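Thanks, everyone. Please pull up the sequence and the model, and follow along with me.

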Amino acid sequence: LQETSLLCVMHSLSTLLLAAVPRTKEIAPGVHMPTMSLGTCCGSDPSVGVAPWLASGGVGIDTANDYHDQPAIATALKATGAARDKIFLTTKVPAGVAALHGPGKLDCSLDPQRAVDVLKENLAQLRMTHVDLVLLHGPCELQGTAAAVDPAKANAAQWQGMQMALSSGLTRAIGVSNYNVTHLEALLAAPTTRVKPAVNQCQMSINGSAFCSPETGVCLHGPGHDDATIAFCRTHNITYEAYDVMSGCPFHDARLGAIARAHGMSAAQVCFRWTLQRGAILATGTGHNATKAALHSKDDLGTYDPNFELTGDEMAYLDGIRPQREGVRT
């Protein structure tokens, strides 16, 4: 019953958002973030992706300390000659996500200064004096029973550090990633929280797999789209940012293909548009092949075509697809 109610709410919101997908969204006072950013994780090579993304009209670039590609982004940006104020740069501070990379790896601390220090390391690698947005990469609950510190207290402490970074001008906005309702409620209720997250970046797709740590067995979000967390973020004016939209795009679904043909768009564009019409923004990769990266950049940003919008019935169908397999874009 609860799931049905959430879907009904999201269907109604999707209908309201038709033809109302802007290129930017104000995530904090005076901070306008692109609704589509170039993601540089997991096989998306910034050395071949940054230039065509910017040339195609993209502005946002999303990276992280543990992507180990920030020096390559700095080099790519320098080669394009793009002005700093024409780029929206997001990076992340590791928190909890070490549990995804092997047993016994910990990256949570009760010292707020750690978050500031890691952000300064990020800035040095990016050759920047500030970023536009910095996220805590995950909740410390990801570390499961291996955690050396209380996860909720560590989340609150690292968030203190994020607030310090914000007040010091190292970033224009702060947020979190991979937080579900339980984690967000605890963080907002922490006595040291003065600034609420501007963004919560999470896995979101039509039919992707669940987000779980293979090392600890902790799952943060179920498969596809976590409607409860999406609704919570909307209620609390926290911008929800999706990643893995393509890995959960059901390219082989016959009706999705028919929807794409009816609009003269690609299946990928339908999945992106579904995400945007759900009220989320997104980060997506363009791969490691230079030729395909250029084609993907143009196609992805073509989702903004003002003549393209999914109908309420189309949104309802896509919302109702149950996760079965992950998509693959070649």
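I'll go through the barrel, then the cysteines, then one pocket.

One caveat before we start. This is a predicted model.

Start with the sheet. Eight strands form a closed barrel, in the order β3-β4-β5-β6-β7-β8-β11-β12. The pairing is parallel. How far are neighbouring strands turned against each other? On average by 25 degrees, ignoring direction.

Now zoom in on one pair in that barrel. Strand β8 covers residues 199–203. Strand β8 pairs with β11 in the parallel sense, over five bridges. One residue to mark here is Cys-202, whose bridge partner in β11 is Ala-242.

Stay on Cys-202 for a moment. Cys-202 is buried, at 0% relative accessible area. Which cysteine sulfur is closest to the sulfur of Cys-202? The one in Cys-233, at 6.5 Å. That is too far for a bond, because a disulfide here needs the two sulfur atoms within 2.5 Å. From the other side, Cys-233 has Cys-202 as its closest cysteine sulfur, again too far for a bond. Cys-233 is buried too, with a relative accessibility of 0%.

On to the cysteines that do bond. How many disulfides does the structure hold? Four. Count the bonded cysteines along the chain, and the pattern reads 1-2, 3-4, 5-6, 7-8. I'll take three of these links in turn.

First up, Cys-41 and Cys-42. They are joined by a disulfide, S to S 2.1 Å. Is Cys-42 buried or exposed? Exposed, with 73% relative accessibility. Cys-41 has a relative accessible area of 26%, so it counts as partly exposed; the partly exposed band runs from 20% to 50%.

Next, Cys-212 and Cys-219. Their sulfur atoms sit 2.0 Å apart, and they form a disulfide. The angle about the S-S bond is 105 degrees, and the link is right-handed. Both ends fall in the partly exposed class: Cys-212 has 30% relative accessibility, and Cys-219 has a relative accessible area of 47%.

Then Cys-249 and Cys-271. A disulfide joins them, S to S 2.0 Å. The torsion about this S-S bond is about 80 degrees, so this link is right-handed. What does the pair tie together? Cys-249 lies in the loop between β11 (239–243) and α8 (254–263), while Cys-271 lies in helix α9, residues 267–277. So the bond connects parts that are 22 residues apart in sequence.

Check the exposure at this link. Cys-249 is buried, with 0% relative accessible area. Cys-271 is at 1% relative accessibility, so it counts as buried as well. The cut-off for buried is under 20%.

Last topic, the pocket. I'm showing the second largest one, with a volume of about 200 Å³. How many residues line the second largest pocket? The lining has 15 residues. Nearest the centre are Ile-27, Ala-28, Pro-29, Lys-196 and Ala-198.

Which strand gives the most to that lining? Strand β1, residues 24–28, with four residues. By class, the lining has nine nonpolar residues, two polar ones and four charged ones.

To recap, keep three things in view. There is the closed parallel barrel of eight strands. There are the four disulfides. And there is the second largest pocket, with strand β1 giving the most to its lining.

How values were computed. Residues numbered from 1 in each chain as written. Predicted model: local features only at pLDDT ≥ 70, side-chain atom pairs only at ≥ 80, totals over all residues. Heavy atoms only, no water. 1 Å grid on protein atoms, 1.4 Å probe; cavity = no way out; pocket = protein on both sides within 12 Å on 5 of 7 lines; lining within 4 Å. Points joined across faces, edges and corners; volume = space filled by probe spheres on them. Helix = DSSP H or I, 4+ residues; strand = E, 2+ residues; numbered from the N terminus. Nonpolar A, V, L, I, M, F, W, Y, C, P; charged D, E, K, R; others polar. Buried < 20%, exposed > 50% of the residue type's maximum accessible area, 1.4 Å probe, protein only. Pairing = 2+ DSSP bridges. Axes fitted to C-alpha atoms, helices over the stretch in contact; angles between N-to-C directions.
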